[in-house]
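Take a look at the chain below. This report starts with the overall build and then moves to single parts.

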Amino acid sequence: MPLTKITGEKAGEQKTVAPFIPRSVFDLTQLPPKDAVAAWQEALGSMYDIRLHNDGPNEPLRIRTKAYHFDSFILGALQVRVKQDVARSRARYARDGLDSYTLHFHSRECVASPANGSQQRIQCGDLLILDQAQTSSSRLNGQDDLYMVVPRAMLAPLLNAPDEHNARVISGKNPLVALFRSHLHALYRASSDLQAQAACAVTHPTLELAAAAINESVREENSIGPQMALAAEICRHIDDRAMEPGLTAEKIAAAFNMSERKLYYLMRVHGGVAAYILKVRLRRVRAALVDPVHRHKTIAEIAESYGFTDPTNFSRTFRRMFDMSPRAMRAFAGAGWPGEVSSRHGVGTMWDWMRHI
């Protein structure tokens, strides 16, 4: 049953707040080794053939998983400190009828293979896709996995060749895979405080990201969620490199393995690539102007250190963004003003904070 927050408005009065999403914790670390092995075999043995390679009958079985049940998928983390072979046979599928995909991000190197297929070596950060309606086998050297279980009915319509992904490994260096991995880690960290309504809101974008990572491309009809997330990732990339003199659209596009045309399309909501780089640099000038550490520097010196060599053009550009001249900005800071800037258009401050929290 979902957990529910209860708050008291007055003495003796309670108010029910929206329920949290359901959570399940399975922890064998405190059980005697023999009981832990039996519990693990019972829990996972209904779906897989398992062979444990424990160091000894009295060695503790360090296995723990925590999972959250979203509207259309399960998201969990699994820690296993024992070597094991895990296989899904036709007999298992015939008995349980599971028809879902399991998406794994392993942090330990391991090996997986489909039935009668070649072995796939999985590196840290790679994405492993297992189709539960097909046979597979994995040799696991212990696990620290983030995993997602999605019913076929939810994910298959978004995939190219939905039956051709079993035991497939996609490199963690693929930008869409890295983006999906980052999203799942963030979502998992937030899940303990996530209420049902919020969980429903992130379900479809998460499935879109999963499909984009598996397809290794973004399908136009399902592109809104992945494109927004990818644009945010590009913004973070620019933030980290904004002061590099050779930062160009060509280099940014190459870093994300996309065309410049696609980059311009994604960054259009930020006014374009050059406009976004300019805004990042202007915000850093503003921060330096209000920082007492830089009080001994002139405005021109600060501006030049951030790439603005024309004082007149800099002052005009700065005023256009912050509705205030650089001199006025510094004067307010010197008078003990806290440095918060509000634009009459409602942009330039709050949205910056929201994107970086």
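## Overall build

Helices (H or I, at least four residues) and strands (E, at least two) are DSSP runs, numbered from the N terminus. In this predicted model, the chain has 13 helices and 12 strands. The chain holds 357 residues, and 43% of them count as buried.

How do contacts spread along the sequence? Take the contacts with a separation of 6 or more: residues 24 or more positions apart account for 68% of them.

## Helix H5

Helix H5 covers residues 196-215, which makes 20 residues. From first C-alpha to last, H5 reaches 29 Å. That is close to the 28 Å expected at 1.5 Å a residue. Where does H5 bend? The bend is at threonine 203 and comes to about 30°. A proline, proline 205, follows within four residues.

Many residues of H5 are named as buried, including Ala199, Thr203, Thr206 and Leu207. The run from Thr206 through Leu207, Glu208, Leu209, Ala210, Ala211, Ala212, Ala213 and Ile214 to Asn215 is buried. After H5 comes glutamate 216. The phi of glutamate 216 is positive, near 60°.

## Two residues in H5

Alanine 198 sits in helix H5. Its relative accessible area is 33%, so alanine 198 is partly exposed. Alanine 198 and isoleucine 21 are 177 residues apart along the chain. Their C-alpha atoms are separated by 9.3 Å.

Cysteine 200 is in helix H5 too. Cysteine 200 and aspartate 71 are 129 residues apart in sequence, and 6.0 Å apart in space, C-alpha to C-alpha.

## Cysteines

Is cysteine 200 buried or partly exposed? Cysteine 200 counts as partly exposed because its relative accessibility is 44%. Cysteine 235 is buried, because its relative accessible area is 0%.

A disulfide is a covalent bond between the sulfur atoms of two cysteines. How many disulfides does the model have? With a cut-off of 2.5 Å between cysteine sulfur atoms, the count comes to 0 disulfides.

## The second largest pocket

Rolling a probe the size of a water molecule over the atoms shows where empty space is left. About 780 Å³ of space lies in the second largest pocket. Its lining takes in 34 residues. Which of them lie nearest the centre of the pocket? They are Leu44, Met47, Tyr48, Tyr147 and Val149.

Several elements each supply at least two residues of this lining. The helix among them is H1 (33-44). The strands are E3 (23-27), E5 (63-69), E6 (74-88), E7 (100-105), E10 (127-131) and E11 (136-151). E11 gives the most, with 7 residues.

## Isoleucine 50

Isoleucine 50 has its place in strand E4, residues 49-53. Isoleucine 50 is buried because its relative accessible area is 14%, and the cut-off for buried is under 20%.

What does isoleucine 50 touch, not counting residues up to four places away in sequence? It touches Trp40, Gln41, Leu44, Gly45, Gln84 and Asp85. Leu44 also appears among the residues nearest the centre of the second largest pocket. Isoleucine 50 and serine 137 are 87 residues apart along the chain, and their C-alpha atoms are separated by 9.8 Å.

## Leucine 247

Leucine 247 is found in a loop. That loop runs between helix H6 (224-241) and helix H7 (249-255). Is leucine 247 buried or exposed? Its relative accessibility is 12%, so leucine 247 counts as buried.

Leave aside the neighbours within four places in sequence: leucine 247 is then in contact with Ile238, Arg241, Ala242, Ile252 and Ile277. Isoleucine 277 is 30 residues away from leucine 247 in sequence. In space, the two are 8.8 Å apart, C-alpha to C-alpha.

## Two alanines with positive phi

Alanine 161 and alanine 167 lie in the loop between helix H3 (152-155) and strand E12 (168-170). Alanine 161 is not a glycine, although its phi is positive, about 50°. The phi of alanine 167 is near 60°, again a positive value in a residue other than glycine.

How do the two compare in burial? Alanine 161 counts as partly exposed, because its relative accessibility is 43%. Alanine 167 has 1% relative accessibility, so it counts as buried.

Technical notes:
Residues are numbered from 1 along each chain as its sequence is written. This is a predicted model: local features need pLDDT of at least 70, side-chain atom pairs count only at pLDDT 80 or more; totals for chains, interfaces and linings use all residues. Side-chain values use heavy atoms; hydrogens and water are left out. Buried means under 20% relative accessible area, exposed over 50%, partly exposed in between (1.4 Å probe, protein chains only). Contact means heavy atoms within 4.5 Å. The expected span of a helix is 1.5 Å times one less than its number of residues. The bend at a residue is the angle between axes fitted to the seven residues ending there and the seven starting there. On a 1 Å grid over the protein atoms alone, a cavity is a set of points where a 1.4 Å probe fits but cannot get out, and a pocket is an open set with protein on both sides within 12 Å along at least five of seven lines; lining residues have an atom within 4 Å of a point. Grid points are joined across faces, edges and corners, and a volume is the space filled by probe spheres set on the points.
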